[in-house]
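Here is a briefing on the structure shown below. It starts with the contact between chains and then turns to sheets and backbone geometry.

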Amino acid sequence: MKSSRNSTAGVMVFLALLLALLLPTRSYRHWVEFGPQQQVITQNPKMGVHTRLTDEVEPWKIQRTLEMVRQIGAPWIVEYFLWAAHEPQRGVYDWSHADLVIDHAVNQGLTVVARLGYVPEWARPPRTNHLYLDATGYDDFARFAAAFAEHFRGRVKQIIIWNEPNLSQEWGFRPVDPAGYTQLLCRVYPAVKAANPDVQILAGALAPTLAPPGSEWGLNDLDYLQQMYDAGAAPCFDILAAHAYGWTFSPDDPPSADAVNFRRVELLRDIMVRNGDGTKQVMITEGGWNDHPRWTKAVRPAQRLEYTLRAYEKALQDWPWVDNLVMWAFRYPRPTGTYQDYYTFVGGDFQPKPIYLETQAYAEGLRSQSSQP
Amino acid sequence: MTHRRWATVVVLILGLLSGILLLRQTILGGGDRTWARIQQTGVWRVGMDPSFPPFENLDGVTGLPAGFDVDLARAIAARWGVRAEFVGVGFDQLMDAVVANRVDSAISALTVAPHRTEEMRFSEPYIEAGMVLAVPETSQLRPALEMAVGRSDAAAMLEAAQVLAGRRVAAEWGSEGDALARRLQARVNGDLRLVLRHATDDALRAVLAGEADAAIVDAISLALFGGDGGSPLLAVGQPLRSDPYAIVVPKHAPELLRQVNEALAALRDDGTLAEIKARWLRPQER
């Protein structure tokens, strides 16, 4: 009898210890204080950066990232929210990480544009990859997007549907399908509007590419957008999301159908106008320059700096049809060890790069007093 | 079963496993299939992206790889009595090519990536490419800076900043050198003037022209800087941020890693590494 009591006590102690170990992981939201409501002070309200908090698990790092975004003077962020993470089983939602990110962003006075994608296993056929979604899953995705819009009512007002569907690798390694993407868009649009009519749907987020029709890699963004219109996409989105990378070219280089440069977005705008969609705005949800010393599409650090600031200014002064310019990418949780690290504004250790400090000086209107050559 | 019998069974199993491991090591050359294959075929497959002179490039006349890393690979291979076979791989895929055993090693001005050490191994460094403080040979700041950055740690940054207080430091605008110069500036509460230029060479020229007292640039750019008379600027002390180049080998190739490190040490000792450095990292005609 005594032995049995001892065993029971032992089990109880073990369970208590186990609970103590598990509790912090369930209540991590309380590890950092939100602090008073902040606001972004900037001379350019179109400035934005794409954060990469999807796989950032430590709340203080999420907070620090968004604090630094506010301090750089960028009122907009784009962040990726994984369908697979937030709906691990059909109809079972887990918004804990997304709540953490969005609440901290809102607390810092930032406007969040939410990019949705990444298909859970339960929503796709076996042995397909996480970007594969066929027509049988469109309603599932629409239901998820609607649930997201409803849950984040008042906190998120723009949702991007998919990313770069004009690339085969972003379309589940299948031939790209503008009509199929349009079909997806037209399932999502009414579902989201029914759940939260304040949310605007962003379509496209097309990769700037020169891939000709029939290419195994994808289809150039200009043809793809026209084919979206041909398939009836116009009533199924409110804003066009565009990607504007400059590669090795200045932000003032003229646009051309056979060149990938920053002003290529003007050609997308022309297509919108030609299709009677000229009253809609564009959001540049990715873009920028890279200063990797070896990548063939990179520029020197000084060029990256000049081009970035000029691009922000161009969006403000020359493009009234553009709501924001969101540069890729603010910070990675850890180094990628590739050229991607040379897109960032701060290091993994939160050390600001010169481009961060110069962009901050620009947003504060101090550019003329800064240390530029 | 008694405890004694259990012990006997455990000892027997351990003995059997040890025998299998020993046999495997004997057959496969120290358990390192990559090294065994290099020995067997006489070919060392070296991955590189020949687009980064003077470390690796395609020779304009022969169309063959040429450069510091090419000569280094050949010197190592010669010590082993094998031939270095160069395999062109894009820079961003080089490490993955090693992990996937598409090549036996990668030598391509690759810096050590601590976050990838679970997947691959890095040799001892063969050259330092990090950020250094450069001053004229005759600079009066040299002795104090040598003392300050004689070691590589956070205190060195503070001491360097104190020596440079009230002075002018040049760097390429937006570069890592610029970032470090701003950190030095912050440590002396702004009492350090930044002299920023659009290119690394222009930052170094600012020092030569007397527009700056020192420059922060990468060690390779400094080595390549100069004219007919050679570089009149010298790096002082240790790098402010170390960034050495190393050879990448597969994780499961301990013997190859040992052989690479031994060869590098030997090439350093017999002066071959210095010769290669002198051949490829001499000041360029501008």
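**Interface of chains A and B**

The contact draws 22 residues from chain A and 22 residues from chain B. The model is predicted. About 1,900 Å² is buried between the two chains, and carbon and sulfur atoms give 59% of that area.

**Who supplies the buried area**

- A:Arg294, A:Pro354 and A:Pro373 provide 37% of the area that chain A buries against chain B.
- No other three residues of chain A supply more of that area.

**Polar and charged links**

- The count of salt bridges between chain A and chain B is 3.
- In one salt bridge, the side chain of A:Glu358 meets that of B:Arg182, at 2.8 Å from N to O.
- Across the interface, 10 residue pairs are in polar contact, with both residues at pLDDT 80 or more.

**Make-up of the chain A side**

- Helix H9 (301-317) and helix H10 (354-363) of chain A each give at least two residues to the side that touches chain B.
- H9(A) contributes the largest share of that side, with 4 residues.
- By class, the residues of chain A that touch chain B split into 9 nonpolar, 7 polar and 6 charged.

**Five-stranded sheet in chain B**

- An open sheet of 5 strands in chain B has the order E11-E10-E12-E9-E13.
- Its pairing is mixed.
- The edges are strand E11 (193-197) and strand E13 (233-241) of chain B, each paired on one side only.
- On average, neighbouring strands of this sheet are turned by 30° against each other, with direction ignored.
- Strand E9 (residues 131-136) of chain B pairs with E13(B) in the antiparallel sense, over 5 bridges.
- B:Ala134 sits opposite B:Ala235 of E13(B).
- Helix H7 (residues 176-187) of chain B lies across E9, strand E10 (168-172), E11, strand E12 (214-218) and E13 of chain B.
- H7(B) runs at about 170° to E11(B).

**Three-stranded sheet in chain B**

- A second topic is the open sheet of 3 strands in chain B, ordered E2-E3-E4.
- Here the pairing is antiparallel.
- Strand E2 (51-52) and strand E4 (65-66) of chain B are the edge strands, and each pairs on one side only.
- E2(B) and strand E3 (residues 56-58) of chain B are joined by 2 bridges in the antiparallel sense.
- B:Phe52 has B:Glu56, in E3(B), as its bridge partner.

**Cis peptide bonds**

- In chain B, the peptide bond from B:Pro53 to B:Pro54 is cis, with omega near 5°.
- B:Pro54 belongs to the loop between E2 and E3 of chain B. Those two strands pair in the antiparallel sense.
- In chain A, the peptide bond from A:Trp328 to A:Ala329 is cis, with omega near -10°.
- A:Ala329 lies in the loop between strand E8 (322-328) and H10 of chain A. H10(A) supplies at least two residues of the side of chain A that touches chain B.

**Positive phi**

- A:Tyr118 has phi near 75°, a positive value in a residue other than glycine.
- A:Tyr118 is placed in the loop between strand E3 (111-117) and helix H5 (138-151) of chain A.

Terms used
Residues are numbered from 1 along each chain as its sequence is written. Chains are lettered from A and ligands numbered from 1 in the order in which they are written. This is a predicted model: local features need pLDDT of at least 70, side-chain atom pairs count only at pLDDT 80 or more; totals for chains, interfaces and linings use all residues. Side-chain values use heavy atoms; hydrogens and water are left out. Contact means heavy atoms within 4.5 Å. Buried area is the accessible area (1.4 Å probe) that two parts lose on being put together, summed over both. A salt bridge is a side-chain nitrogen of Lys or Arg within 4 Å of a carboxyl oxygen of Asp or Glu. A polar contact is a pair of N or O atoms within 3.5 Å; within protein, one must be able to donate a hydrogen and the other to accept it, and residues adjacent in sequence count only if both atoms are side-chain atoms. Ala, Val, Leu, Ile, Met, Phe, Trp, Tyr, Cys and Pro count as nonpolar, Asp, Glu, Lys and Arg as charged, and the others, Gly among them, as polar. Two strands pair if DSSP finds at least two bridges between them. Axes are lines fitted to C-alpha atoms, for helices over the stretch in contact, and angles run from 0 to 180 degrees between N-to-C directions.
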